[in-house]
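Dear colleague,

Please find the model we discussed handed over below. My notes on it follow directly after.

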Amino acid sequence: MEEKVIVCKDLTKRFGDFYAVNKISFEVNKGEIFGFLGANGAGKTTAMRILCGLSYPTSGEATVAGFNVYKQTEAIKKNIGYMSQKFSLYENLTVLENIEFFGGVYGVPSAEIRKRSDNLVQKLGLTAEAKKLVGSLPLGWKQKLAFSVAIFHQPRIVFLDEPTGGVDPVTRRQFWDMIYEAAATGITIFVTTHYMDEAEYCNRVTIMVDGKVEALDSPANLKAQFKANNMDEVFYQLARGAKRSGD
Ligand SMILES: Nc1ncnc2c1ncn2[C@@H]1O[C@H](COP(=O)(O)OP(=O)(O)OP(=O)(O)O)[C@@H](O)[C@H]1O
């Protein structure tokens, strides 16, 4: 049987009488690339924050890497990586200093950090930039480095919140190669995106509308189910009925 690394059952988050996340249920398998889609305000960030151990649900159940989102948030944080377009690296530290800093935060021993960081800058083709400030790198490189840093401690799951926002298509493609490589090593990828071509790269995709999971399947099955040529059409069919407007 496939190992489930995220299990959610009727997970709900209420702010006053507003249901930001409304009884969502799904399971994510080990090594899976799980896309989490929805229009602005659908509830993706709220759900993701709960799964990262940063916020408590109002009701429902969830475990992440086997740990309970109500009682074991510290254990969850140790077993995940997180990256978002907004929260990235320290611009005023060099490439190597960022790797050292975040490696340390995530509890990787110093000798191991040194060993792995050399390999990493080499693999990224950043050897010449290793001692340059991250602020001086192009956005695409920053995002690739941020992803590498987010999985530096070899977490069970990495949460990516719109990781490729604003990045050009070629670099996005390279970014996805890195995602595939990480998934092949057994790291589970939980990713939100607004790019529908990226949805096609996921093993399975969830589409949230107004706090609820309206669809969950592989891109191929979703396209068949909605008689659509691409994920853009699937998304449009589901999201056009949304009550919550974007910001
Ligand atoms: N702390 C809060 N208090 C009240 N309402 C909130 C709070 N956090 C989020 N919301 C509301 O919950 C809804 C879902 O927000 P959320 O940020 O999870 O959506 P999202 O799907 O991540 O959207 P986006 O793509 O814009 O980030 C929104 O209507 C938002 O205004």
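Helix H6 (residues 169-184) lies across strands S3 (33-38), S7 and S8 (188-192), and its direction is at about 145° to S8. Helices (H or I, at least four residues) and strands (E, at least two) are DSSP runs, numbered from the N terminus. Angles run from 0 to 180 degrees between N-to-C directions, with axes as lines fitted to C-alpha atoms, for helices over the stretch in contact. Two residues are in contact if their C-beta atoms, placed from the backbone, lie within 7 Å.

This is a predicted model, in which local features need pLDDT of at least 70 and side-chain atom pairs count only at pLDDT 80 or more, while totals for chains, interfaces and linings use all residues. Residues are numbered from 1 along each chain as its sequence is written.

The six-stranded sheet

The strands under H6 belong to an open sheet of six strands, in the order S6-S7-S8-S3-S9-S10, with mixed pairing. S6 and strand S10 (212-217) are at the edges with a single partner strand each, so one side of each has no neighbour in the sheet. On average, neighbouring strands of this sheet are turned by 15° against each other, direction ignored. Two strands count as paired if DSSP finds at least two bridges between them.

S7 (residues 157-161) runs parallel to S6 and is joined to it by five bridges. In these, Ile80 has Ile157 of S7 as its bridge partner, Met83 has Leu160, and Ser84 stands opposite Asp161. S7 and S8 are also parallel and joined by five bridges; here Asp161 has Thr192 of S8 as its bridge partner.

How well is S7 covered? Five of its five residues are buried, that is, 20 or more other C-beta atoms lie within 10 Å of their own (12 or fewer is exposed, in between is partly exposed; C-beta atoms are placed from the backbone). In a regular strand the side chains alternate between the two faces of the sheet. In S7, Ile157, Phe159 and Asp161 are buried on one side and Val158 and Leu160 on the other, which leaves both faces covered. S6 (residues 80-84) has four of its five residues buried, so the rest of the structure largely encloses it.

Helices beside that sheet

H5 (139-150) lies across S6 and S7, at about 165° to S6. H5 and helix H4 (110-124) are also what the buried residues of H3 pack against. In H3 (residues 95-105), those buried residues are Val95, Leu96, Asn98, Ile99, Phe102 and Gly103. They cover an arc of only 160° around the axis, so they sit on the same side of H3; the arc is taken from the directions from the helix axis to the C-beta atoms. After H3 comes Gly107, with a positive phi near 85°.

Ala75 is in helix H2 (residues 73-79). It counts as partly exposed because it has 15 C-beta neighbours inside 10 Å. Its C-alpha atom is separated by 19 Å from that of Leu11, with the two positions 64 residues apart along the chain counted as the separation.

The four-stranded sheet and the ligand

A second open sheet has four strands in the order S2-S1-S4-S5, with antiparallel pairing. S2 and strand S5 (67-68) are its edges, each with a single partner strand, so one side of each lacks a neighbour in the sheet. S1 (residues 4-15) and S2 pair over eight bridges in the antiparallel sense, and Val7 has Glu27 of S2 as its bridge partner. H1 lies across S1, S2 and strand S4 (59-64), at about 125° to S1.

Which elements supply at least two residues of the shell around the ligand? They are strand S2 (18-29) and helix H1 (44-51), and H1 gives the most, with three residues. There are 13 residues around the ligand, of which Phe15, Ala20, Asn40, Thr45 and Thr46 come nearest; a residue is near if its C-beta atom, placed from the backbone, lies within 6 Å. By class the shell has four nonpolar, six polar and three charged residues. Here Ala, Val, Leu, Ile, Met, Phe, Trp, Tyr, Cys and Pro count as nonpolar, Asp, Glu, Lys and Arg as charged, and the others, Gly among them, as polar.

Regards
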